[in-house]
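Let's take a friendly walk through this structure, looking at its pocket and then at its nonpolar cores.

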Amino acid sequence: MKKVFLFDLGNVLAYPIDSKLLYQKLNCKIPYKEFEKYWLGNDLIIKAHKGLVSDDISIKELLNYCKTNLSVEDFYNVYNNLDTSLFLDTVEIINKLKANGYRVGLLSNLRLMDYDRYKEKIEEIDFDYLFLSYEMNSLKPDDKIFKKVIESCNCKPSEIVFFDDNERNVIAANRNGINCYKTSGYNIKKVFEEIFNV
């Protein structure tokens with residue numbers, strides 16, 4: 001019997017960040033492709049997602065790399081004003097699961113500054129768990145984060161259902177015995193209905 005339903009934040013619960021718009025608003029002096037590569041995979045950015053360095057440090061380096069004259073404070077002003085809309089279908093599914101006695105939670109790779117952007121909206125949802133990479137010092141698809149999740153949920157891995165939009169994360173979760181499905185907020189309702197015949 002399924003007991004716990006977990007959801008990724010970006011692109012599953014919340015609309016994805018428009019990185020092209022962020023790039024433009026930061027007045028970057030480098031090509032967008034270079035910015036995107038840094039934003040998604042730089043070592044300092046990854047460490048911030050693991051909570052191993054502060055957001056201020058990682059953002060300062062990002063701004064230097066982008067050759068922009070904006071300050072860290074300017075960055076936060078831009079970043080915090082980007083869209084924070086949630087997928088209504090995902091919110092509806094979460095609320096229905098909760099009303100039917102299931103435990104629900106977030107499992108997401110994000111930094112403190114990411115959580116702060118969504119904090120108000122996240123707190124409006126009655127989550128039982130918040131598994132956040134910057135607090136757990138580990139990132140999906142690392143097995144460590146899934147083992148910590150299973151231990152915290154205090155149930156069998158097979159009793160956990162997880163929705164994520166990244167294939168590598170799905171494979172890793174399934175490898176750890178969790179029922180994980182690749183989806184996004186755009187089609188989660190259809191995927192949920194097909195899996196559970198509702």
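In this predicted model, the lining of the largest pocket is a mix of 14 nonpolar, nine polar and eleven charged residues. The lining has 34 residues in total, and those nearest the pocket centre are Asp8, Gly10, Leu40, His49 and Asn109. Four helices, α2 (32–41), α3 (43–49), α7 (112–123) and α10 (167–175), each give two or more residues to this lining. Of the elements, α2 provides the largest share, with four residues. The volume of this pocket comes to about 990 Å³.

Now for the nonpolar cores. The table sets the two side by side.

| Core | Number of residues | Residues including |
|---|---|---|
| Largest nonpolar core | 26 residues | Phe5, Phe7, Leu13, Phe127 and Phe163 |
| Second, separate core | 21 residues | Tyr38, Ile45, Leu62 and Leu70 |

The residues named for the largest core are those with the most contacts inside it. At least two residues of this core come from each of β1 (4–7), α6 (88–99), β2 (103–108), α7, β4 (160–164) and α11 (188–196). Here α6 supplies the largest share, four residues.

Which residues does Phe163 touch, leaving aside those up to four places away in sequence? Among them are Phe5, Leu6, Phe7, Asp8 and Val12. Phe163 also touches Tyr181, Thr183, Ile188, Val191, Phe192, Ile195 and Phe196.

Two names link the pocket and the largest core. Asp8, one of the residues nearest the pocket centre, is touched by Phe163. Helix α7 gives two or more residues to the pocket lining and at least two to the largest core.

Methods:
Residues are numbered from 1 along each chain as its sequence is written. This is a predicted model: local features need pLDDT of at least 70, side-chain atom pairs count only at pLDDT 80 or more; totals for chains, interfaces and linings use all residues. Side-chain values use heavy atoms; hydrogens and water are left out. On a 1 Å grid over the protein atoms alone, a cavity is a set of points where a 1.4 Å probe fits but cannot get out, and a pocket is an open set with protein on both sides within 12 Å along at least five of seven lines; lining residues have an atom within 4 Å of a point. Grid points are joined across faces, edges and corners, and a volume is the space filled by probe spheres set on the points. Ala, Val, Leu, Ile, Met, Phe, Trp, Tyr, Cys and Pro count as nonpolar, Asp, Glu, Lys and Arg as charged, and the others, Gly among them, as polar. A nonpolar core is a set of buried Ala, Val, Leu, Ile, Met, Phe, Trp, Tyr and Cys residues joined through side-chain atoms within 4.5 Å. Buried means under 20% relative accessible area, exposed over 50%, partly exposed in between (1.4 Å probe, protein chains only). Contact means heavy atoms within 4.5 Å.
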